[in-house]
Amino acid sequence: MQSSSISKTFFKAPACYITFLAVPAFFVTCVVSAEPFGLQNYLDMGRGLFTFNLSIIAAIMLVTLTLTRMLVFILRKRLRMNWGIYIIWCMGEAFMVCFFSAFYLMLMSRGADSYYHILLRCLLNFSLIMALPYTVITLGIQCYVLSHKKAPVSPEENALIRFYDEHQRVRFIISGDAVQYIKAEENYVRIRYVESGKVKDYTLRASMRKIEEIVTKHGLMRCHRSYYINPAHVRLVRKDSAGLTLAEMDVDGVESVPVSKNYYDSLTRLL
């Protein structure tokens, strides 16, 4: 595996749920059905404790992984993990499971074996069993990440603004350079743009807040509570006879756009 940063998908809630549920489930299934490393006899302790001990160890595994994955989820925005660090993290989780399991088994064995001997057996046996679901989960998530990886966007595609409706369906696609301004009209926004030398409008059911991220990414800026404007098409900013500040556009047929006092300095700096 490459040493580049690991996808944040590994630290999101679904991946965390899968890990702390699937690993204990696989461990129990494997011990019951395959009887690896003589663990059934070892956990039985000659006193018929197999089912009870296996249940407690599975619970230890579940709680430990839940806590560590919750920590990963909480810190996911700050983490800068590469594959090497992630593997070490997983090994650390396995060690913690073995550490607490060995302590429990020492108590149940009534001192018949030393803690370090029990810990060594847990590290050798439990870790090997846990390695398989860890590997399968990791490869599964990585396959998901690769299958959903977006193809590189060409400069022409990147210049296009895609407007979505409330159901996240694309409703209108236009070059960012063609947009003159966007005006809020109750539950809609009116997009004024130029196409083939003609001034046109498109009305979209959306709020100004909903489109803010996408339009500002393409160079538009807020100039009024009800307007986004394209600074590239502003010829000048002036005051009319009533004292209102207006941005005069460089395309004939496009009316001037009001500019609020709060946005005046930001707009004029770009002209």
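1. A first place to look is K210, which is found in helix α7, in what is a predicted model throughout. The side of the chain on which K210 sits is open to solvent in the sense that K210 is exposed, with a relative accessible area of 60%. K210 can also be placed relative to a residue elsewhere in the sequence, since K210 and D165 are 45 residues apart along the chain while their C-alpha atoms lie 9.3 Å apart in space.2. The loop that follows the helix holds G219, which lies between α7 (208-217) and β6 (221-224). G219 is partly exposed, with a relative accessible area of 40%. When residues up to four places away in sequence are not counted, G219 touches I229 and P231. For a sense of distance across the model, the C-alpha atoms of G219 and G48 are separated by 72 Å, and these two glycines are 171 residues apart along the chain.

3. Taken as a whole, the chain has eight helices and ten strands. Its radius of gyration is 31 Å, well over the 18 Å that the globule rule gives for 271 residues, so the chain is more spread out than a compact globule. The dimensions of the C-alpha trace can be read beside that value, with spans of about 95 × 35 × 35 Å along the principal axes.

4. On burial and surface, 37% of the 271 residues of the chain count as buried. The chain exposes about 16,100 Å², and carbon and sulfur atoms supply 59% of that area. As for contacts, among those in the chain with a separation of 6 or more, residues 24 or more positions apart account for 55%.

5. The charged side chains comprise 31 positive and 21 negative ones, and the centres of the two sets lie 6 Å apart.

6. Which strand holds Q180, and is Q180 buried or exposed? Q180 is found in strand β3, which covers residues 179-185, and at 1% relative accessibility it counts as buried, because that value is under 20%. Leaving aside neighbours within four places in sequence, Q180 is in contact with R192, Y193 and V194, with I229, N230 and H233, and with M249, D250, V251 and V254. I229 therefore appears in the contacts of Q180 and also in those of G219, as the definition of contact by heavy atoms within 4.5 Å applies to each.

7. The aromatic residues deserve a point of their own, as the structure holds 14 aromatic pairs. One of them is formed by F10 and Y86, an edge-to-face pair with 5.4 Å from centre to centre and 65° between the planes. F10 lies in the segment before α1 (13-34) and Y86 in helix α4 (residues 83-108), so this pair ties together parts that are 76 residues apart in sequence. Neither ring belongs to an exposed residue: F10 counts as buried at 1% relative accessibility, and Y86 is buried with a relative accessible area of 4%.

8. A further aromatic pair is made by F172 and Y193, and it is tilted, with 5.3 Å from centre to centre and 50° between the planes. F172 lies in strand β2 (residues 170-175) and Y193 in strand β4 (residues 188-195), so the pair ties together parts that are 21 residues apart in sequence. F172 is buried, and so is Y193; Y193 is also one of the residues in contact with Q180.

9. Beyond these pairs, the residues F95, F99, F100, Y115 and Y116 form one aromatic cluster.

10. Two backbone positions call for a closer look, given that most residues other than glycine have a negative phi. E186 has a positive phi of about 55° although it is not a glycine. The place of E186 is in the loop between β3 and β4, and E186 is exposed, with a relative accessible area of 80%.

11. The other position is S196, which has a positive phi of about 55° and is likewise not a glycine. S196 is found in the loop between β4 and β5 (198-205), and S196 is exposed, with a relative accessible area of 76%.

Terms used: Residues are numbered from 1 along each chain as its sequence is written. This is a predicted model: local features need pLDDT of at least 70, side-chain atom pairs count only at pLDDT 80 or more; totals for chains, interfaces and linings use all residues. Side-chain values use heavy atoms; hydrogens and water are left out. Helices (H or I, at least four residues) and strands (E, at least two) are DSSP runs, numbered from the N terminus. Buried means under 20% relative accessible area, exposed over 50%, partly exposed in between (1.4 Å probe, protein chains only). The radius of gyration is taken over C-alpha atoms; the globule rule is 2.2 Å times the number of residues to the power 0.38. Accessible areas come from the Shrake-Rupley method with a 1.4 Å probe; for residues, only the protein chains shown count as cover. Lys and Arg count as positive and Asp and Glu as negative; His and the chain ends are not counted. The place of a charge is taken as NZ of Lys, CZ of Arg, CG of Asp or CD of Glu. Rings of Phe, Tyr and Trp (its six-membered ring) pair if their centres lie within 6.5 Å; planes under 30 degrees apart count as stacked, over 60 as edge-to-face and the rest as tilted.
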